[in-house]
Amino acid sequence: MAMVGQSLYPIAVLIDELKNEEIPLRLNSIRKLSTIARALGEERTRKELIPFLSENNDDEDEVLQAMAEELGVFVPYVGGVEHAHVLLPPLETLATVEETCVRDKAVELLCLIGAQMKEKDIVDYFVPVVTRLASGEWFTARVSSCGLFHVAYPSAADQLKAELRIVYGHLCQDDMPMVRRAAASNLGKFAATVEQSHLKKEIVSIFDNLTQDDQDSVRLLAVEGCAALGKLLEPQDCVAHILPVIVNFSQDKSWRVRYMVANQLYELCEAAGPEPTRADLVPAYVRLLRDNEAEVWIAAAGKVTKFCRILRPQVAIQHILPCVKELSSDSSQHVRSALASVIMGMAPVLGKQLGTLGNLISLISGFLQDATIEQLLPIFLSLLKDEFPDVRLNIISKLDEVNQVIGIDLLSQSLLPAIVELAEDRHWRVRLAIIEYIPLLARQLGVGFFDDKLGALCMQWLEDKVFSIREAAANNLKRLAEEFGPEWAMQHIIPQVLEKINNPHYHSASHLIASPCHGPRDNVVVNSSKERVPNIKFNVAKVLQSLVPILDQSLTEKTLKPCLVELSEDPDVDVRYYAKQALQACDQIMVSS
């Protein structure tokens, strides 16, 4: 009897703590379910623990959420996949609660467990769970059921599949908008499991009903189903059933629906195919770009490059570019920012070579390149001079794309003045973005042009008031040295760096010391160790450590090591730390040699 009492003790503790008024105690008990299950064993877990959890009527969402998470890893504790069905009842209960996050977690775990179950068990246990939830009196159960059909359907027999399709159709016409929203949201996943013969007849009919729902929250979720459903249908069926819906949605009375269309238009076009897109969806897209609501413009503007990729360049120049020009001068900075983030990608799209099929195609290609320069370049320059930093930053980040079409000469003539102006912008993040793209520009402009126009600018940043700018400027010099080679660095960077380091009025020498530009600088670094500023001294120690592997051992012993020994006795703890690290590196080099 004593042994039986001891074996029942864990379950007794669990029951007591689950009934405790203190939420932390109940949470603690729930989070130890896996430990208790291991102690009870697989059979007792199935027969005692799981039924108890199924009957648990805790009203705290945090406790229920924790229970759902624990049950998600319970399959091994109940005896593996063969007994996974015993976990369905407690999760079914959790799928009916009012709190959305608990229901969503329960549905997620039901799908996870259902995917592991054998087909017979799905038919015997999982499908009944789905049908019970779908016919639940409270709407929360019906909402949860919508996310389970795609797991239950593939394993069902033909007659049962027909019943499941009918049940799903009823959910799509439920009196509660929340249920219809869930049905619309999960339609794509369910449709992917339905046979092609039933897809066109039944699923498309269900979809049509959802697209005509009087609730805009249902219609906008149906928009998501357009692309998914369109990819499942035959091309001609997609054009017949999906394309008209897209066109109608682009004129929907609710701006939220139009926003969703603008946000997913590229995916919708992929489903519809290129030819119908050119014929029917270009006018729809133009309407979205000129919509009354700023949110719709922003979403549409963000997809302009992707949309142009599936059009012939002439069509994009004729229909899309005028809208882009209007958006570039829109009063909303968010619209201009969204446009700036993608517009640079239009240059290679509109100005790309069309092939090598003779002189005619060469002429067309040249025309497109001229049109790109004539139409896009003023827009680029306008956005580069925008008063809001985000707009300018988005343009700067994609400058390399426009060079593919515009060419280096025109790039340097038209864009460089704007770049120089931005390099002195009052917003430090704009200056930082310019610094990060300087090596890319240098590669495109070439050494000669860079030395004439941008070299002085790179040195000027080393004296910026903002730490991040000075740090980035020092790193920029390293990248430029790697780009143009050591000879260029010795001639153009090293002399100016030495001049700044030796200048007593320059207080940011630590960045230059730490910047690993090419060239002989060990004497400069050692001399900098005499500085009073700790930041400079520990950067000296870092640089000396990096020089140890590449310098001659005699030079290390004669010059570097005495300097590091002196720094290892510095009053500042950071200086001592990095100096000792460098000394250890010296010792390791000596041992290995």
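This section describes the overall composition of a predicted model, followed by one helix pair and one kinked helix.

The protein chain contains 38 helices and 0 strands. Of its 593 residues, 52% are classed as buried. The accessible surface of the chain amounts to about 28100 Å², and carbon and sulfur atoms contribute 51% of that area. Among contacts in the protein chain with a separation of 6 or more, 67% involve residues 24 or more positions apart.

The packing of helix α2 (residues 23-30) against helix α5 (residues 61-71) was examined in terms of axis geometry and residue contacts. The two axes are 9 Å apart and enclose an angle of about 5 degrees. Since angles under 35 degrees count as roughly parallel, α2 and α5 are therefore assigned to that class. On the α2 side, the contacts are made by I23, R26, L27 and I30. Their counterparts in α5 are E62, V63, A66, M67 and E70.

Helix α37 comprises 15 residues, spanning positions 553-567. The distance from its first C-alpha to its last is 20 Å, close to the 21 Å expected at 1.5 Å a residue. Within α37, a kink of about 40 degrees is located at L560, shortly before the proline P562. The kink residue L560 is itself buried, and further buried positions of α37 include T556, T559 and K561. Beyond these, C563, L564 and L567 in α37 are likewise buried.

Notes. Residues numbered from 1 in each chain as written. Predicted model: local features only at pLDDT ≥ 70, side-chain atom pairs only at ≥ 80, totals over all residues. Heavy atoms only, no water. Helix = DSSP H or I, 4+ residues; strand = E, 2+ residues; numbered from the N terminus. Buried < 20%, exposed > 50% of the residue type's maximum accessible area, 1.4 Å probe, protein only. Contact = heavy atoms within 4.5 Å. Areas by Shrake-Rupley, 256 points an atom, 1.4 Å probe, with all protein chains shown as cover. Expected span 1.5 Å × (residues − 1). Bend = angle between axes of the 7 residues up to and from the residue. Axes fitted to C-alpha atoms, helices over the stretch in contact; angles between N-to-C directions. Parallel < 35°, antiparallel > 145°, perpendicular 65-115°, else oblique.
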